[in-house]
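Me: Could you walk me through this model in plain terms, one question at a time?

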Amino acid sequence: MPSAIIIGSGLGGLATALRLSQNGYKVTIIEKHNTAGGRLNTFSKDGFTFDTGPSFFSMSYAFTELFDYCKIKNPLTLQPLNPLYSVYFEGNNVPLKIYKDLDKLQTEFKHIEPELKKRLEKYLKKAGQLFYDTEHIVIDKNFDSTLSYLLALSRVPWKHAPMMFRSMWTELENTFTSQEAKVIFSLVAFFLGSTPFETPAVYSLLNFTELVHDGYWNVKGGMYKIVDELMVLLKARNVEFIFNTEIVKIESQGERVTKLIDKAGTSYTADVIICNSDAASFRGQVLGRKISLLKNSIRWNGHFRHLQFI
Ligand SMILES: Cc1cc2nc3c(=O)[nH]c(=O)nc-3n(C[C@H](O)[C@H](O)[C@H](O)COP(=O)(O)OP(=O)(O)OC[C@H]3O[C@@H](n4cnc5c(N)ncnc54)[C@H](O)[C@@H]3O)c2cc1C
């Protein structure tokens with residue numbers, strides 16, 4: 001039986017473990033904390049339970065694809081959010097509710113942006129074209145090198161190119177008149193860990209995903225239910241979990257990683273080794289790579305975030 005080690009029990013590590021177990025691997029997950037879930041986690045205080053990270057997600061069909069791939073009935077009950085979210089502006093106790101239904105949304109904005117529906121339809125049409133023109137070329141692809149990424153980009157219709165060089169904020173300024181509409185539809189830039197001033201306008205496709213495509217969802221029982229259910233499935237497949245163990249060093253032969261070493265000096269090896277740690281910290285702290293020009297370009301242009309440089 002081939003073996004696999006996954007560093008990190010975040011959602012990516014758990015989902016990968018499920019896929020590998022489906023493909024006949026004996027999987028071990030090594031996690032530095034004492035619980036699974038990574039950023040998707042939870043804590044309880046005074047009888048309340050809080051999410052530490054994600055509270056909703058888009059592209060709910062990714063779960064369907066995962067469970068179909070593993071031939072498992074989806075154990076999660078996904079709940080569409082309606083309204084998607086509410087936004088409070090300082091000094092106003094009445095939130096603006098963001099609905100997918102543009103007529104309802106127009107009613108929310110009637111005193112703020114009277115032509116919201118018309119303007120938003122135009123904006124979303126353009127964002128939708130970009131989404132469908134890039135979905136299977138860039139969005140759902142992984143890139144192992146800058147070259148493969150640039151080659152993929154060269155297949156995207158050139159009419160979208162100006163959006164690479166304009167900021168999201170400029171795009172919104174050209175579309176809406178009210179500060180409220182500009183601020184609200186720029187919030188998706190923060191999901192990327194960036195700001196609308198630094199994020200290229202191509203990310204308006206995230207407005208398309210929230211308002212038109214699949215919307216936002218959460219899970220009955222709370223977001224941590226995703227981790228709980230995955231853990232049940234993984235344990236049933238004899239996936240081994242090693243908690244409180246941090247990988248601090250790797251050994252390699254040429255391009256191939258051969259051994260992982262933890263803080264206590266214990267070493268681990270497997271036929272396949274997968275790192276689902278935070279790429280930036282692992283690259284610096286464990287692989288000892290210096291900040292490169294490319295990394296600077298990640299800061300400069302959020303678009304390069306698609307790349308993984310381990
Ligand atoms: C406050 C907050 C709010 C968010 N809100 C949303 C949201 O609403 N919707 C949404 O879709 N996303 C949201 N996100 C992003 C989302 O949480 C992450 O994209 C997702 O959880 C990342 O999963 P991951 O498996 O890639 O990595 P992580 O969750 O980061 O998992 C990595 C795991 O690897 C472990 N690890 C790292 N290094 C080592 C090592 N050397 N040895 C052993 N173990 C190691 C870590 O302890 C961790 O458990 C939010 C994030 C935060 C922080």
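Below, a short exchange goes from the whole chain to its domains, salt bridges and surface.

Me: Before we start, what kind of model is this, and which pLDDT do side-chain atom pairs need?
Reply: Residues are numbered from 1 along each chain as its sequence is written, and side-chain values use heavy atoms, with hydrogens and water left out. The model is predicted, with totals for chains, interfaces and linings using all residues, local features needing pLDDT of at least 70, and side-chain atom pairs counting only at pLDDT 80 or more.

Me: How many helices and strands are there in the protein chain?
Reply: Both are DSSP runs numbered from the N terminus: helices are H or I with at least four residues, strands are E with at least two. Counted that way, the protein chain has 13 helices and 13 strands.

Me: What radius of gyration does the protein chain have?
Reply: The radius is taken over C-alpha atoms, and the globule rule is 2.2 Å times the number of residues to the power 0.38. The C-alpha trace spans about 65 × 50 × 35 Å along its principal axes. For 310 residues, a compact globule would come out near 19 Å, and the protein chain agrees with that at 22 Å.

Me: How far apart do the C-alpha centres of domain 1 and domain 2 lie?
Reply: An automatic or database domain assignment sets the bounds, giving domain 1 (3-78 + 219-277) and domain 2 (113-215). In contact terms (heavy atoms within 4.5 Å), 6 residues of domain 1 touch 8 residues of domain 2. The centres of the two domains are separated by 30 Å.

Me: How many salt bridges does the count come to?
Reply: A pair qualifies when a side-chain nitrogen of Lys or Arg is within 4 Å of a carboxyl oxygen of Asp or Glu. One network of these links Glu 113, Glu 115, Lys 118 and Arg 119. The count of salt bridges is 15.

Me: Which residue forms a salt bridge with Asp 278?
Reply: The closest approach here is 3.0 Å, N to O, and the partner is Arg 39. The pair links distant parts of the chain, 239 residues apart: Asp 278 is in the loop between strand S13 (272-275) and helix H12 (279-286), and Arg 39 in the loop between strand S2 (26-30) and strand S3 (42-45). Asp 278 is partly exposed at 31% relative accessibility, while 64% makes its partner exposed (buried is under 20%, exposed over 50%, partly exposed in between, with a 1.4 Å probe and protein chains only). So the name you want is Arg 39.

Me: Is Glu 229 buried or exposed?
Reply: Glu 229 pairs with Lys 225 in a salt bridge, with N and O atoms 3.2 Å apart. The two are 4 residues apart in helix H11 (residues 224-236), so about one helical turn separates them. Lys 225 is partly exposed at 31%, whereas Glu 229, at 18% relative accessibility, is buried.

Me: How much accessible area do Phe 43, Phe 48 and Phe 50 have together?
Reply: Patch residues have over 30% relative accessible area and no salt bridge; like charges are joined within 9 Å, and nonpolar side chains (Val, Leu, Ile, Met, Phe, Trp, Tyr) within 5 Å. Areas come from the Shrake-Rupley method with a 1.4 Å probe, and for residues only the protein chains shown count as cover. Phe 48, in strand S4 (residues 48-51), is exposed at 54%. Together the three form a nonpolar surface patch of about 310 Å².
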